Every structure is written in structure tokens, then in C-alpha cells.
Amino acid sequence: MNPTRLTRALIATAALASLTALAACTGASHHEDEALGKKAAVAPPKKAAVQGLAGMPPVLDPRDVYAADRPNHLSPVVKDFPSRVYVPNTNSDTVSVIDPKTYKVIETIPVGRQPQHVVPSWDMKTLWVNNDRGNTLTPIDPRTGKAGKAVDVHDPYNLYFTPNGKYAIVMASLDRELVFRDAHTMKREKTVPVSCYGVNHADFSLDGRYFIVSCEFSGELLKVDTARMKVIGQEKLPFQGAMPQDVKISPDGKRFYIADMMADGVWILDGDKFTKPTLLPTGQGAHGLYVSRDSREMYISNRGEGTISLFDFAQNRLTKKWHLPDGGSPDMGGVSADGKVLWLSGRYNSEVYAIDTRTGAQLARIKVGSGPHGLAVYPQPGRYSLGHTGIFR
């Protein structure tokens, strides 16, 4: 081949190679666009906004009502409060204050007769001690740990707050009433008589528009319209001698769990439909219910056998059972701000238990007054409190 022909052949070959490469490039872009299109098509849908109770802070995540309760995610309101465990001693008429770092009682505060629970206020600035037989609420400033002047409130067995922060709801167990009061002054606004016996615990729906109440002494449940302050449903639990206790909603808001100390388990209820619940056996004297900081598990205290059952929400089943060394009577309590410790009162043993949430090991057993009941771990993560020993959203 002569030089001219060789040169022409080389030029043609180079041009063909360039065209081939360009075609390949164009094809790759087409496939990438196609792949991106497919990815866009399967992208998860945006979270639908929840139409909550008027005045209620917006729901952060419709798939997790506890989204604001992540480890150490403290509100600016409480971030400078000292970490303490407040233990109401029902028979001693005192509150024992524990330093969780040392596991020592650092103060004992005299309060009214038969304190049942220590309850964080909706705005999280006050802890209210429910002096049930003393017919008063004792305020404690969690910044200083000092008690203030008691407020007259009749039969305050337990205390909750509407999600919009407008009302406190007194569980007047012996009076057989739900009493809606001003959330700050505690002035009575509306009294709702009930036909069941022993109203004691509750939790609110995802949108805050209703709440479920347990009636301990008649084995019943109530469904209450929050805005209308009216009972809209009532049902008897399908177990002879049922004694429902603590109430908690599932992270996705689809189910309510109600501990039952006589049925030795937890009732699972569809709150929206308010149909017949099913029983999940957990252990003797099932009593308190507490959700882990990652919203994956629920700790169930079985007071009658000294154990704690672990329930996995995603798997919808029990996965473990922790046994307290030397037994005990684990009752009400809460989870530490970092999620690493579960604190429970030992109702019949004049003690408090600190339990490692990773292993179930007992970290401490602390002597307190007689009849320790609804202790509050404070502060805890969250934007506002719905009451009891700390239900935060």
C-alpha cells in the first residue's frame, strides 16, 4: 500500500473508532437516564401531614410518634436541668431524689398524703407530685429541685395533659371522674363523670384527637374525644377479674397496649376501631410500659414476678425476659435520657432498680421510702409532655 492510501485508511479507521465511542457514550447516557427514571419511580412517597388536634405541635413523623424522643435530644427548656430520678413514696408521704450518676438518694422531700406519681407538666418546666389522699398537687422546680406551695386538687391519682397544652386531665380514680383543668393554674374547667371504676392510666392517639383510658377496678377501657371532652366509647376487657394498668401507643400509632396485672399480660387494641382487644401474655402482674429511645422495643414490667419483658414492635412479638436478681416488684418508671438505663420503682420492696437496657443487667438497687410508685426520670428528650411519669412527643 502506498503512503497516501495508508494515510487515508488510518484516517478512516480513526473516524470509525470515534463514531463508535460516541455511540457507546450516547447509549450509556440513555441507560443512565432510564435508570434514574426507574429510581425516581420507586422513590418513597412523601410523609402525609397529620391533621392533629387544634393547637397541637405538628407530628414530626407519621410513622413514629416517638420521633422527638431520641437519645439526649433535650429541649432547650430542659437541657440545663440536673439529671435526677424522682421517686414518690406512697406510704411515706415523701419524694426520694436519686442522683443517677452515683445511684444515691441525695434528698428526701416531704409532700402530701399518698403521693402516687411524679408528672412532668406539658411545658416541661414543672414536676407535679400527685398527692392522691392529700387532695393536692405539689410542684417541684426541676431546675433547683425545690418544692413549691401545694395546689388543691381533689383525688389526683394520676395526671395527663392534652396534646395542645390547654388542659391538665386529672384521673380522679375514687371520684369516678375525668377532670379537665387549666394546665397551669389547675382551675377546674370541666368534669366528666364516668361509669367505670378506677380510672388511672392513658395515652393519646397519633393525631391527639382521642385518648384511651384504663379503668383498673372494673376491668374496662374508655375512649375519650379530646376536644369535646367526652367519652365516646367504653368496653369491658374479655377476662374475668381484669385489672388494666399502664397504656402506651405503638410508634406507628396503629395500636394501643394496655398492661393488665391480673391477666398477666398486655392487651393489644386498635384504638381507631375500638374493637375487642387481644391478650399477649408477658408475666405475672404486668404493670408498666416504656418505649426504647430508638422506638424499636417496649419494656414491660411484670411486678408479680420480678421480671421485665421486651416486646419488638416490628416483629410484633416478645423477644426477651430479664429477671431481677433476688426478685423484686418492678412497677412504674422511665428510661434515661441517653436510653441506656431503665429505672423502675420496687413497689413492695422500698427500693428502686436501675437496669442496663443493652444487657438487662441490674446496675443498682437503691433503698428509698415505703411504697415507691410512679417515679419520673428527668429530664427526658421530647418537645412536650403528655403526663404520667413522662410520655413525651
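Let me start with a single residue, glutamine 51, which sits in the loop between helix H1 (3-41) and strand E1 (84-89), where helices (H or I, at least four residues) and strands (E, at least two) are DSSP runs numbered from the N terminus. What we are looking at is a predicted model, in which local features need pLDDT of at least 70 and side-chain atom pairs count only at pLDDT 80 or more, while totals for chains, interfaces and linings use all residues. Residues are numbered from 1 along each chain as its sequence is written, and side-chain values use heavy atoms, with hydrogens and water left out.

Is glutamine 51 buried or exposed? With a relative accessible area of 59%, glutamine 51 is exposed; buried means under 20% relative accessible area, exposed over 50%, and partly exposed in between, with a 1.4 Å probe and protein chains only. If we leave aside residues up to four places away in sequence, glutamine 51 touches Asp207 and Arg209, a contact meaning heavy atoms within 4.5 Å. Glutamine 51 and aspartate 207 are 156 residues apart along the chain, and yet 6.5 Å separates their C-alpha atoms.

Now let us step back to the chain as a whole. The protein chain has one helix and 29 strands, and of its 393 residues 54% count as buried. Among contacts between residues at least 6 apart in sequence, 46% join residues at least 24 apart. The chain exposes about 17200 Å², of which carbon and sulfur atoms supply 54%; accessible areas come from the Shrake-Rupley method with a 1.4 Å probe, and for residues only the protein chains shown count as cover.

Next come the empty spaces, for which we need some careful wording. On a 1 Å grid over the protein atoms alone, a cavity is a set of points where a 1.4 Å probe fits but cannot get out, whereas a pocket is an open set with protein on both sides within 12 Å along at least five of seven lines, and lining residues have an atom within 4 Å of a point. Grid points are joined across faces, edges and corners, and a volume is the space filled by probe spheres set on the points.

The largest pocket has a volume of about 320 Å³. It is lined by 19 residues, and those closest to its centre are Gln116, Tyr157, Glu216, Phe217 and Arg347. By class, this lining has five nonpolar, nine polar and five charged residues; here Ala, Val, Leu, Ile, Met, Phe, Trp, Tyr, Cys and Pro count as nonpolar, Asp, Glu, Lys and Arg as charged, and the others, Gly among them, as polar. The second largest pocket, with a volume of about 270 Å³, is lined by 14 residues, of which Ser83, Pro100, Ser336, Ala337 and Asp338 lie nearest its centre. Its lining has nine nonpolar, three polar and two charged residues.

How many cavities of 30 Å³ or more does a search of the whole structure find? The search finds two. The largest cavity holds about 190 Å³ of space, and of its 17 lining residues the closest to its centre are Asp69, Val291, Arg293, Gln380 and Gly390. Two elements, strand E21 (286-291) and strand E25 (330-335), give two or more residues to this lining, and E25 supplies the largest share, three residues. The second largest cavity holds about 100 Å³, and Val59, Val65, Leu206, Tyr384 and Arg393 are the closest to its centre among 16 lining residues. That lining divides into eleven nonpolar, two polar and three charged residues.

Let me finish with the salt bridges, of which a search of the whole structure finds 16, a salt bridge being a side-chain nitrogen of Lys or Arg within 4 Å of a carboxyl oxygen of Asp or Glu. In one of them, arginine 228 pairs with aspartate 225, the closest N and O atoms being 3.8 Å apart; arginine 228 counts as partly exposed at 46% relative accessibility, whereas aspartate 225 is buried at 15%. Another joins aspartate 356 to arginine 358, with the closest N and O atoms 3.4 Å apart, and here aspartate 356 is buried at 11%, while arginine 358 is exposed at 56%. Finally, Arg303, Asp331 and Arg347 are linked in a network of salt bridges, and Arg347 is a residue we have already met in the lining of the largest pocket.
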